[in-house]
Amino acid sequence: MIKEIQAKQLLSHSKGPDPWFGIQYTMNLYRGCPHQCIYCDSRSECYQIENFADVLVKTNALELLPKELAGKRTKGTIGTGSMNDPYSPVEKKYNLLGRALKIISQFGFPVHVLTKSDLVVRDMEILQEIDQKTQALVTFTITTHDDNLGKKVEPGAPLVSSRYAAMEKFARRGLRTGISLMPVLPFIEDNWDNIREIVYRARDAGASYIIASFGMTQRKGQQEYYYRKLDELFPGVRQQHHNRFRNDYICPANQANQLCEQYEKLCQQVGIAIKVPIYHALPPAKQLSFFDSIQHEANQGEG
Ligand code: SF4
């Protein structure tokens, strides 16, 4: 179900750039996500989203955005794609992000897009324009190299192969793009064959970086859904998972440290960074006080 709503505020603000993607302002144009990944953390009870498959569309987002950007003193990175996929099929109809990017470009803010969809190719030109002014990064979440496994764990999202194809288009245009390799589902995706193949295909597609976390997190609400899907799709894995982690929040991949070392080594060999390039906004220009301007004039006269 798609429902149109009026939001009170669009951007949420963090103190400084976050260490993963360098995001300072988070922009969610939608609430809920039709990609329906079985591991999605946004189903957790703490977020109080009743039916995560329903999508709420913030139809006044494009009125709010310029007003909010005009009031920001620091031109920090605007991130989109944390509690929903900004390029889900709903965006095809509403084109909210495509239009929001034009506003972001006018205001001179950098942007980071996290998606599982090749629909982002539609906005390549405006993203390139932003990148010429500040920075635009498109990061594709890829947790398996295998389309068939992808269809099971991310049933509503475009195929993994189409994400690689989109990545290649961005790289060919000279835009930096990469992979968010997280989560890595224990007992399902945590094998070196999978990780190695993800890295090799990233290299072939021209990726600049892969940021990884070997394991997953689980919380109330999210865990129950994940368990139901494990029973349906991967018989026996729920029991293995439960025996190992019970209700732990952090569920590391099997051989997480070893996988991490191998991934870092391979990335180094093939020339892919293991960090996202962080954009550092210049501090806002200092407003000269009356006293400062008198001092300045006096100093000018000293030469
Ligand atoms: S794309 Fe992201 S927000 Fe959407 S269901 Fe998957 S994990 Fe959740």
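Guide: Welcome! Axes here are lines fitted to C-alpha atoms, for helices over the stretch in contact, and angles run from 0 to 180 degrees between N-to-C directions. Helices (H or I, at least four residues) and strands (E, at least two) are DSSP runs, numbered from the N terminus. This is a predicted model, in which local features need pLDDT of at least 70 and side-chain atom pairs count only at pLDDT 80 or more, while totals for chains, interfaces and linings use all residues. Residues are numbered from 1 along each chain as its sequence is written.

Visitor: At what angle do the axes of helix 3 and helix 4 cross?

Guide: Look for helix 3 at residues 96–107 and helix 4 at residues 124–133. Their axes come within 9 Å. The angle at which they cross is roughly 20°.

Visitor: Are helix 3 and helix 4 roughly parallel or roughly antiparallel?

Guide: Angles under 35 degrees count as roughly parallel, over 145 as roughly antiparallel, 65 to 115 as roughly perpendicular and the rest as oblique. The axes of these helices cross at roughly 20°. Helix 3 and helix 4 are therefore roughly parallel.

Visitor: Which residues of helix 4 make the contact with helix 3?

Guide: Two residues are in contact if their C-beta atoms, placed from the backbone, lie within 7 Å. Helix 3 brings Leu 101, Lys 102, Ile 104 and Ser 105. From helix 4 come Ile 126, Leu 127, Glu 129, Ile 130 and Lys 133.

Visitor: How many nonpolar residues are in the contact of helix 1 with helix 3?

Guide: Ala, Val, Leu, Ile, Met, Phe, Trp, Tyr, Cys and Pro count as nonpolar, Asp, Glu, Lys and Arg as charged, and the others, Gly among them, as polar. Helix 1 offers Ala 61, Leu 62, Leu 65, Pro 66 and Leu 69, which meet Leu 96, Arg 99, Ala 100, Ile 103 and Phe 107 in helix 3. This contact has 1 charged residue, no polar ones, and a nonpolar count of 9.

Visitor: Which strands stand at the edges of the sheet?

Guide: Two strands pair if DSSP finds at least two bridges between them. The open sheet has 3 strands in the order 1-5-4, with mixed pairing. Each edge strand has a single partner, so one side is left without a neighbour; these are strand 1 (2–5) and strand 4 (30–31).

Visitor: What is the bridge partner of Arg 31 in strand 5?

Guide: Strand 4 and strand 5 (residues 55–58) pair in the antiparallel sense over 2 bridges. In strand 5, the partner of Arg 31 is Leu 56.
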